[in-house]
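Dear colleague,

I am handing over the structure we discussed. Please look through it alongside the notes that follow.

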Amino acid sequence: MTKFKLNQAELETAFQARIDSEQKIEPKDWMPEGYRKNLIRQMSQHAHSEVIGMQPEGNWILRAPTLRRKIVLLAKVQDEGGHGLYLYSATETLGITREELIDALHEGRAKYASIFNYPSLTWADIGTIGWLVDGAAIVNQISLQRTSYGPYARSMVRICKEESFHQRQGYEALMVMAQGSSEQKQMAQDSLNRWWWPVLMMFGPHDSESANSAKSMKWKIKRKSNDELRQAFIDQTIPQVEFLGLTVPDPDLKWNEARGHYDFGEIDWAEFERVISGNGPCNRQRLELHQRVDREGQWVRDALSAYESKKRARKAA
């Protein structure tokens, strides 16, 4: 058989044909450098978000109101750590090390979801995080089960199943408060008031203003646009809010019969830019804690590395 080498344009054409035919791209397959970099950016941001997202909830494990709530929250936080590990491992299949990913986070070259830079002030916030934050994550991650990169798509299957548990436990916690005393219901409403708009920001800027959306959609890394995902989240969440007897802090919210969707007010994009630029309420606190824990855990990584080196040396001898 005659062997020949395809040029760059032919390789890219063949690659896009695979994407268009819904074939999964695997780690050893040829891929454009832009596709690889786009994946590393998105997947590492996703992994960082899972791990940083443990902080606002982990702060409440010892203050949960009952033993049952403590056990459930502990399991949820543990799940989030596991999600981060799945995603770091999947990202490493693209030829980058976990150490490089963590360094990029610590040096401000990589980001995580803006929502985790807001404080959890009351127990109601833990319910709201499970219900709204994880609910928004599910809307995004369900579509990512069909993303074009195989390791990313497969990691989403288990993550989505666990996130659905997180969403249900959060909603159940808010339901108890909404049906409780007037003080408890007010606490639930206050939490919804503070988290509603930051949750909508989670989906990112409008598609026309997103630097990465067009290529991500072309390569089917993303299957739905930021605005589509945000609208889907609002449409499915408003009936849940009404069932709780709470009110969304948006005077412009109304059902649009012609569109078959809810209309809603404009997001404060200036706040979004402040938060993702590192100037949110808890940006420095979140990153400093992650850096400190990383430093304090270095001895464990060093010990594991030394042990593996000794094992290899003994085997070689």
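**Rings and a pocket**

Arg63 sits over the face of Trp60, 3.9 Å from the ring centre. Please keep in mind that this is a predicted model.

On aromatic contacts, searching the whole structure gives 10 aromatic pairs. One of them joins Tyr35 and Trp219: the ring centres are 5.7 Å apart and the planes stand at 85°, so this pair is edge-to-face, given that planes over 60 degrees apart count as such. The two residues come from distant parts of the chain, 184 residues apart. Tyr35 belongs to helix H2 (residues 33-52), while Trp219 lies in the loop between helix H9 (213-218) and helix H10 (226-244). Both Tyr35 and Trp219 are buried. Tyr35 and Trp219 also belong to a cluster, linked by ring pairs, that includes Phe15 and Trp30.

The other item is a pocket. The second largest pocket holds about 680 Å³ of space. Its lining is made up of 21 residues, and those nearest the centre are Val51, Ile102, His290, Asp294 and Arg301. Two or more lining residues come from each of helix H3 (54-58), helix H4 (67-92), helix H5 (98-106), helix H12 (283-296) and helix H13 (298-316). What is the make-up of this lining by class? The second largest pocket is lined by 10 nonpolar, 6 polar and 5 charged residues.

Regards

Technical notes:
Residues are numbered from 1 along each chain as its sequence is written. This is a predicted model: local features need pLDDT of at least 70, side-chain atom pairs count only at pLDDT 80 or more; totals for chains, interfaces and linings use all residues. Side-chain values use heavy atoms; hydrogens and water are left out. On a 1 Å grid over the protein atoms alone, a cavity is a set of points where a 1.4 Å probe fits but cannot get out, and a pocket is an open set with protein on both sides within 12 Å along at least five of seven lines; lining residues have an atom within 4 Å of a point. Grid points are joined across faces, edges and corners, and a volume is the space filled by probe spheres set on the points. Helices (H or I, at least four residues) and strands (E, at least two) are DSSP runs, numbered from the N terminus. Ala, Val, Leu, Ile, Met, Phe, Trp, Tyr, Cys and Pro count as nonpolar, Asp, Glu, Lys and Arg as charged, and the others, Gly among them, as polar. Rings of Phe, Tyr and Trp (its six-membered ring) pair if their centres lie within 6.5 Å; planes under 30 degrees apart count as stacked, over 60 as edge-to-face and the rest as tilted. Buried means under 20% relative accessible area, exposed over 50%, partly exposed in between (1.4 Å probe, protein chains only). A charge sits over a ring if NZ of Lys or CZ of Arg is within 6 Å of the ring centre and within 35 degrees of the ring normal.
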